[in-house]
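This report is meant for a reader who has not seen the structure before. Please look over the sequence and the model first, then read on.

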Amino acid sequence: MSRFDGRVAIITGGGSGLGREFSCELAKDGARVVVADIFLEGAEETVALVEAQGGTSVAVQADVSQSGSVQAMVHSALDAYGAIDILINNAGLVGETLPAAEVSEESWDRVMSVDMKGVFLGSKAVIPIMLEKGSGVIINIASVSGFLASATGIEYTAAKHGVVGLTKQLAYDYGHQGIRAVGVAPGVIETPLTADWTKEGGPFHELTIDAPAARYGRPIDIARFISFLASDEASFMHGHTFPVDGGSIIR
Ligand SMILES: NC(=O)c1ccc[n+]([C@@H]2O[C@H](COP(=O)([O-])OP(=O)(O)OC[C@H]3O[C@@H](n4cnc5c(N)ncnc54)[C@H](O)[C@@H]3O)[C@@H](O)[C@H]2O)c1
């Protein structure tokens, strides 16, 4: 019997990088996976990868910053598999990565609406379904930028700090009713998002290379932890956001 036999997971931003790896990993561990992304082609590529490894998966186009689109994503998941046991609020983007006074209001609004409001909308949409079942796990992908300031810029830092707070509040509001909310704060992981950052001399080189692990992370470094966090083995973990960062923020 696999870890997630019979369970259904939605992964937002599943069409690339971390979300793609999470989709493959949860499917490997037996979950049926709904790969949601604003970019349908990316989601479909992930589904092809999941199916190639023998997993069960469906692609859904969804914009996490729009409540109607998020509701439609939830309906598609229910239509496909009849349940939602796990939601991974992973979709995210970075802003202009400029000093605060140079950041445009548009970039602020865009990053807030995807990285923070998207977590709220996704959680809000699945909670009634999880409450009805009396169980569910919500995993929010924050960042080490949820704990410190860095070159990622004010809108990203503020949004990810917000995700850390949202995760606590979700746990506070629904833990007693069987819904477990937890967060993960990755360090710098090699994905399309960070392609420019992980080059020699990139803005996080020192933070990463001087850290105990002395390397950039790989999506699988996060995905194995996500699978554990989503499982019943992590049933005593509520409300916290756990850094998985090679030790980059210990000092
Ligand atoms: N890669 C890192 O180093 C790192 C570190 C810390 C946190 N994170 C976080 O991890 C998450 C995934 O990042 P990644 O590195 O895999 O990035 P990525 O760019 O490879 O993937 C992000 C995915 O989200 C999708 N997306 C963007 N806006 C969306 C929207 N409105 N609705 C639905 N989908 C949308 C994109 O199409 C893309 O497929 C993000 O929340 C990011 O902030 C990444």
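In which strand is the place of T12? T12 sits in strand β1. The model described here is a predicted one.

**Three residues compared**

T12 is buried, because its relative accessible area is 2%, and a residue counts as buried when that value is under 20%. Leaving out residues up to four places away in sequence, T12 touches A36, V64, M73, L87, I88, N89, N90 and A91. One polar contact can be added to this: the side chain of T12 reaches the backbone nitrogen of N90 at 2.9 Å.

T56 belongs to strand β3, which covers residues 56–61. Is T56 buried or partly exposed? T56 is partly exposed, because its relative accessible area of 38% lies between the limits of 20% and 50%. Residues up to four places away in sequence aside, T56 touches A31, R32, V33, V50 and Y81. For one of these, A31, the separation in sequence is 25 residues, while the C-alpha atoms of T56 and A31 are 7.5 Å apart in space.

Q53 is in the loop between α2 and β3. Q53 is partly exposed, with a relative accessible area of 34%. Not counting residues up to four places away in sequence, Q53 touches C24, A27 and K28. A polar atom of the Q53 side chain lies 2.7 Å from the backbone oxygen of C24. Q53 and V70 are 17 residues apart in sequence, and their C-alpha atoms are 28 Å apart in space.

**Strands β1, β4 and β5**

How do β1 and β4 pair? The two strands pair in the parallel sense, over three bridges. In this pairing, I10 stands opposite L87 of β4. β4 and β5 also run parallel, and four bridges join them. L87 has I138 as its bridge partner in β5, and I88 has I139 as its bridge partner there.

The residues of β4 point in two directions: I86 and I88 one way, L87 and N89 the other way, and all of them are buried. β5 shows a like arrangement, with G136, I138 and N140 pointing one way and V137, I139 and I141 the other way. β5 is mostly covered, six of its six residues being buried.

**The nonpolar cores**

Which residues touch the most other members of the largest nonpolar core? This core has 30 residues, and those touching the most other members are F22, L26, I88, I139, V184, I226 and L229. At least two residues of the core come from each of β1 (8–12), α1 (17–28), β2 (32–37), α2 (40–52), β4 (86–89), β5 (136–141), β6 (179–186) and α7 (219–230). α7 gives the most to this core, with six residues. Another core lies apart from it and has 25 residues, including V8, A83, I84 and A125.

I139 can serve as an example from the largest core. Its neighbours within four places in sequence aside, I139 is in contact with L87, I88, N89, V182, V184, I226, L229 and A230. Among these contacts, I88 is also the residue whose bridge partner in β5 is I139.

**The ligand**

How many residues are around the ligand? There are 29 residues around the ligand, and S16, D37, Y156, I189 and T191 come nearest. The table lists polar backbone atoms of the protein with their distances to atoms of the ligand.

| Residue | Atom of the residue | Atom of the ligand | Distance |
|---|---|---|---|
| A62 | polar backbone atom | nitrogen | 3.4 Å |
| G187 | polar backbone atom | oxygen | 3.4 Å |
| I189 | backbone N or O atom | oxygen | 2.7 Å |

Taken alone, the ligand exposes 830 Å², and the protein buries 92% of that. I189 appears both in the table, with a distance of 2.7 Å, and among the residues that come nearest to the ligand.

Technical notes
Residues numbered from 1 in each chain as written. Predicted model: local features only at pLDDT ≥ 70, side-chain atom pairs only at ≥ 80, totals over all residues. Heavy atoms only, no water. Core = buried A, V, L, I, M, F, W, Y, C linked by side-chain atoms within 4.5 Å. Buried < 20%, exposed > 50% of the residue type's maximum accessible area, 1.4 Å probe, protein only. Contact = heavy atoms within 4.5 Å. Near = heavy atom within 4 Å. Polar contact = N/O pair within 3.5 Å; in protein donor to acceptor, adjacent residues only side chain to side chain. Areas by Shrake-Rupley, 256 points an atom, 1.4 Å probe, with all protein chains shown as cover. Pairing = 2+ DSSP bridges.
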